[in-house]
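Colleague: I should like to go through this chain with you, question by question. Please set out the reasoning before each result.

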Amino acid sequence: MSTLAPGELLVQLGLTSTLHLGTSVGTIAPIIRAPLHLDELDTALEGGLPRGQLSEIVGPSSCGKTALLYTLLATGTARGEVVALVDLADAFSPPAAAAAGIDLGRTLWIRPASVREALRCVELVLEASGFGAVAVDLGTAARGARLGSGTGLRLARAAKRSEAVVVLLADERVAGTFAALGLALQSVRHHWSRRGCGPNLFDGFEAEAVLVRNKLGAPGRATTVRVAAR
């Protein structure tokens with residue numbers, strides 16, 4: 001049986017198009033990352049959280065999610081960006097946020113009444129553009145829930161158009177395959193200190209962070225992060 005060259009095959013089929021083998025159409029845009037300035041975690045994340053992608057940070061209470069959220073917002077406002085927090089968990093504390101270095105004058109704080117309203121708020125903020133980071137803290141309200149295909153696709157596409165760091169925080173995974181990156185946290189060690197004759201004071205804890213999903217690289221990378229008390 002004879003073998004036809006690609007050009008001869010097109011002639012046989014009556015086509016006049018040109019066939020190119022081994023070539024790619026267009027170029028792949030580089031992944032831009034926003035560092036958190038936590039060396040171990042930035043290394044595990046290959047430079048930081050990706051822009052234009054939906055990321056997910058999950059874990060039980062007191063695992064470090066809020067501390068990472070404050071770090072994300074603080075580093076964003078320190079770069080001169082405007083950031084947004086959709087706070088369904090109602091856990092945001094302006095005094096603690098200011099102490100963590102967040103510029104409240106560059107922070108939009110939204111307090112929705114339901115999961116559906118929270119996700120819609122994220123879409124609207126992303127459509128408005130101009131934000132360097134947009135986070136939604138679902139707390140325990142979304143336990144057992146998953147993003148529907150329509151909502152997940154809209155959020156992922158809105159994140160790409162906005163070029164912002166978009167982070168969803170919850171007790172357990174909610175975004176599923178719509179998240180480009182999934183980070184699971186678990187507290188592993190608490191740190192206490194005694195100052196003078198006073199009581200022991202809580203200084204913070206160490207949290208294990210594991211990449212449970214990473215469409216942009218290799219999953220499964222783990223690191224330990226020291227989280228200061230807030």
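**Questions on a predicted model**

Modeller: At 37% relative accessibility, glycine 148 counts as partly exposed. Please bear in mind that this is a predicted model.

Colleague: Where is glycine 148 found, and how many Å lie between its C-alpha and that of phenylalanine 178?

Modeller: Glycine 148 is found in the loop between S6 and helix H6 (149-162). In sequence, glycine 148 and phenylalanine 178 are 30 residues apart. In space, the C-alpha to C-alpha separation of the two is 9.7 Å.

Colleague: How many helices and strands are there in the chain, and what percentage of its residues is buried?

Modeller: The chain has six helices and 10 strands. Its exposed area is about 12300 Å², and carbon and sulfur atoms supply 54% of that area. Of the 230 residues in the chain, the buried share is 44%.

Colleague: Which element gives the most residues to the largest nonpolar core?

Modeller: The largest nonpolar core has 30 residues, and Leu41, Leu49 and Leu183 have the most contacts inside it. Elements that give two or more residues to this core include helix H3 (65-78), strand S4 (82-87) and strand S9 (200-214). With six residues, the element that gives the most to this core is H3.

Colleague: How many residues are in the other core, which lies apart from it?

Modeller: Among the members of that other core are Val86, Leu126, Leu138 and Ala164. This second core lies apart from the largest one, and its count of residues is 28.

Colleague: Which residues of S7 does leucine 49 touch?

Modeller: Residues up to four places away in sequence are not counted here. With those set aside, leucine 49 touches Ile32, Arg33, Ala34, Leu36, Ser55, Leu72 and Leu181, among others. Val165 and Val167 belong to S7, and leucine 49 also touches both Val165 and Val167.

Colleague: How many of the residues of S7 are buried?

Modeller: In a regular strand the side chains alternate between the two faces of the sheet. From S7, Val165, Val167 and Leu169 point one way, while Val166, Leu168 and Ala170 point the other way. Both sets are buried, and the count of buried residues in S7 is six of six.

Colleague: In which sense do S3 and S6 run relative to S7?

Modeller: Six bridges join strand S3 (residues 53-58) to S7, and serine 55 stands opposite valine 167 there. Five bridges join S6 to S7, with leucine 168 as the bridge partner of valine 136. S3 and S7 run parallel, and the sense in which S6 and S7 run is also parallel.

Colleague: Of which hand are the β-α-β unit of S6, H6 and S7 and the crossover from S4 to S5?

Modeller: S4 and strand S5 (residues 107-110) pair in the parallel sense over four bridges, and alanine 84 stands opposite leucine 108 in S5. The chain crosses from S4 to S5 through helix H4 (residues 94-99), and this crossover is right-handed. The unit made by S6, H6 and S7 is likewise right-handed.

Colleague: Is aspartate 171 buried or exposed?

Modeller: Aspartate 171 has its place in the loop between S7 and S8. Leaving aside neighbours within four places in sequence, aspartate 171 is in contact with Val58, Gly59, Pro60, Lys65, Gly139, Thr140 and Arg143. Because its relative accessible area of 17% is under the 20% cut-off, aspartate 171 is classed as buried.

Colleague: What is the relative accessible area of glycine 48?

Modeller: Glycine 48 lies in the loop between H2 and S2, and its contacts beyond four places in sequence are Arg33, Ala34, Pro35 and Asp42. The C-alpha atoms of glycine 48 and proline 35 are 4.0 Å apart, with their positions 13 residues apart in sequence numbering. Glycine 48 is buried, with a relative accessible area of 0%.

Colleague: What is the phi of glutamate 46 and of glutamate 163?

Modeller: Most residues other than glycine have a negative phi. Glutamate 46 lies in the loop between helix H2 (39-44) and strand S2 (49-50), and its phi is positive, at about 60°. Glutamate 163 lies in the loop between H6 and S7, and its phi is also positive, near 60°.

Colleague: How many disulfides does the count come to?

Modeller: Cysteine 63 is buried at 1% relative accessibility, and cysteine 121 is buried at 15%. A disulfide is a covalent bond between the sulfur atoms of two cysteines. The count of disulfides comes to zero.

Methods: Residues are numbered from 1 along each chain as its sequence is written. This is a predicted model: local features need pLDDT of at least 70, side-chain atom pairs count only at pLDDT 80 or more; totals for chains, interfaces and linings use all residues. Side-chain values use heavy atoms; hydrogens and water are left out. A nonpolar core is a set of buried Ala, Val, Leu, Ile, Met, Phe, Trp, Tyr and Cys residues joined through side-chain atoms within 4.5 Å. Buried means under 20% relative accessible area, exposed over 50%, partly exposed in between (1.4 Å probe, protein chains only). Contact means heavy atoms within 4.5 Å. A disulfide is a pair of cysteine sulfur atoms within 2.5 Å. Two strands pair if DSSP finds at least two bridges between them. A crossover is right-handed if, with the strands pointing away from the viewer, the path from the first strand over the helix to the second runs clockwise. Accessible areas come from the Shrake-Rupley method with a 1.4 Å probe; for residues, only the protein chains shown count as cover.
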